Amino acid sequence: MDKHAQQRAVRHYGLLWKLIMPLVHLMLYIRAVRGKEDSVRLSERRGSKWQETRPDGRLVWLHAVSVGEGIAARTLADALLNLRGDVAVLITTNTVTAASEIQKTNEKWHGRCLHSYQPLDHKKWVGRFLDYWRPNCAVFLESDFWPMLITETHARDIPVLFASAQLSRRSYKNWQRRKTLAAAMFGCACRIYCVDDTQNAIFASLRSDV
């Protein structure tokens with residue numbers, strides 16, 4: 001699949017985000033009113049005014065979605081921080097409940113494990129996030145894949161890995177309908193660790209030129 005076609009697909013995706021920005025701002029406000037967003041930290045979803053400060057040295061970024069992935073991220077963070085005393089870990093999540101799970105690990109490691117809400121997938125917001133945190137590598141857990149977040153990370157020569165990677169049948173069909181964008185995004189990963197051989201085949205097909 002033509003690299004130029006993939007780049008066009010990402011640009012068109014970015015344009016769509018620009019067009020829907022008024023709706024995105026409204027959605028964030030409504031979700032905050034309903035308690036589904038942290039109103040105190042809503043700016044993090046727009047890539048600004050983080051609660052945490054980036055520590056000096058190497059930073060490993062783990063992206064989770066909700067509570068289940070957050071627990072997996074905590075386990076992986078514990079292993080990394082035990083193994084390497086010279087790194088810190090940033091865990092990003094999308095939900096308030098997952099954030100509370102990460103806080104337990106944050107307290108345990110005294111500033112070596114940090115949390116931020118994931119910026120929504122507007123190119124400017126993603127750019128602000130990457131400018132601020134400057135991760136040395138990025139690990140996306142399970143099934144939460146955001147085209148701008150992943151392609152912009154890769155564009156900065158930050159290694160991208162997918163861990164416990166899996167897609168539901170419905171998600172797979174949705175990505176098949178957007179093959180060019182899928183190839184651009186999934187092709188950014190330097191390593192994909194899938195949950196089984198079936199998922200290996202799914203991700204291989206989405207990365208391929210077919």
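Which residues in α6 meet which residues in α8? The first legend answers this for the predicted model, and the legends after it treat two further helix pairs and a pocket.

**Figure 1. Contact of α6 with α8 in the predicted model.**
P147, I150 and T151 are the α6 residues that meet α8, where their partners are L181, A184 and M185. By class, this contact of α6 with α8 comprises 5 nonpolar residues, 1 polar residue and no charged ones. Helix α8 spans residues 179-186, and its axis lies 8 Å from that of α6 at a packing angle of about 45°. Because angles under 35 degrees count as roughly parallel and 65 to 115 as roughly perpendicular, α6 is oblique to α8. The crossing in which α6 passes α8 is left-handed.

**Figure 2. Packing of α7 with α9.**
Shown are helix α7 (residues 169-176) and helix α9 (residues 197-207), whose axes are 11 Å apart. The angle at which α7 and α9 pack is about 15°, and therefore α7 is roughly parallel to α9. In passing α9, α7 makes a left-handed crossing. On the α7 side, Y172, W175 and Q176 take part, and they meet I202, S205 and L206 in α9. The contact of α7 with α9 holds 4 nonpolar and 2 polar residues, with no charged residue.

**Figure 3. Packing of α3 with α4.**
Helix α3 covers residues 67-83 and helix α4 covers residues 96-109. Their axes come within 8 Å and cross at roughly 15°, so α3 and α4 are roughly parallel to each other. The crossing of this pair, α3 and α4, is right-handed. From α3, the contact takes in V67, G70, I71, R74, D78, L81 and N82. From α4, T97, A98, E101, I102, K104, T105, K108 and W109 contribute. Sorted by class, the residues of the contact of α3 with α4 are 6 nonpolar, 4 polar and 5 charged.

**Figure 4. The largest pocket and its lining.**
The volume of the largest pocket is about 410 Å³. Its lining consists of 17 residues, and Q6, Q7, V10, T151 and E152 are the closest to the pocket centre. Two elements, α1 (3-19) and α6 (147-155), each give two or more residues to the lining of the largest pocket. Of the elements, α1 gives the most, with 8 residues. The lining of the largest pocket divides by class into 6 nonpolar, 6 polar and 5 charged residues. T151, listed here among the residues closest to the pocket centre, is also one of the α6 residues that meet α8.

Notes: Residues are numbered from 1 along each chain as its sequence is written. This is a predicted model: local features need pLDDT of at least 70, side-chain atom pairs count only at pLDDT 80 or more; totals for chains, interfaces and linings use all residues. Side-chain values use heavy atoms; hydrogens and water are left out. On a 1 Å grid over the protein atoms alone, a cavity is a set of points where a 1.4 Å probe fits but cannot get out, and a pocket is an open set with protein on both sides within 12 Å along at least five of seven lines; lining residues have an atom within 4 Å of a point. Grid points are joined across faces, edges and corners, and a volume is the space filled by probe spheres set on the points. Helices (H or I, at least four residues) and strands (E, at least two) are DSSP runs, numbered from the N terminus. Ala, Val, Leu, Ile, Met, Phe, Trp, Tyr, Cys and Pro count as nonpolar, Asp, Glu, Lys and Arg as charged, and the others, Gly among them, as polar. Axes are lines fitted to C-alpha atoms, for helices over the stretch in contact, and angles run from 0 to 180 degrees between N-to-C directions. Angles under 35 degrees count as roughly parallel, over 145 as roughly antiparallel, 65 to 115 as roughly perpendicular and the rest as oblique. A crossing is left-handed if the near helix is turned anticlockwise from the far one by less than a right angle, and right-handed if clockwise. Contact means heavy atoms within 4.5 Å.
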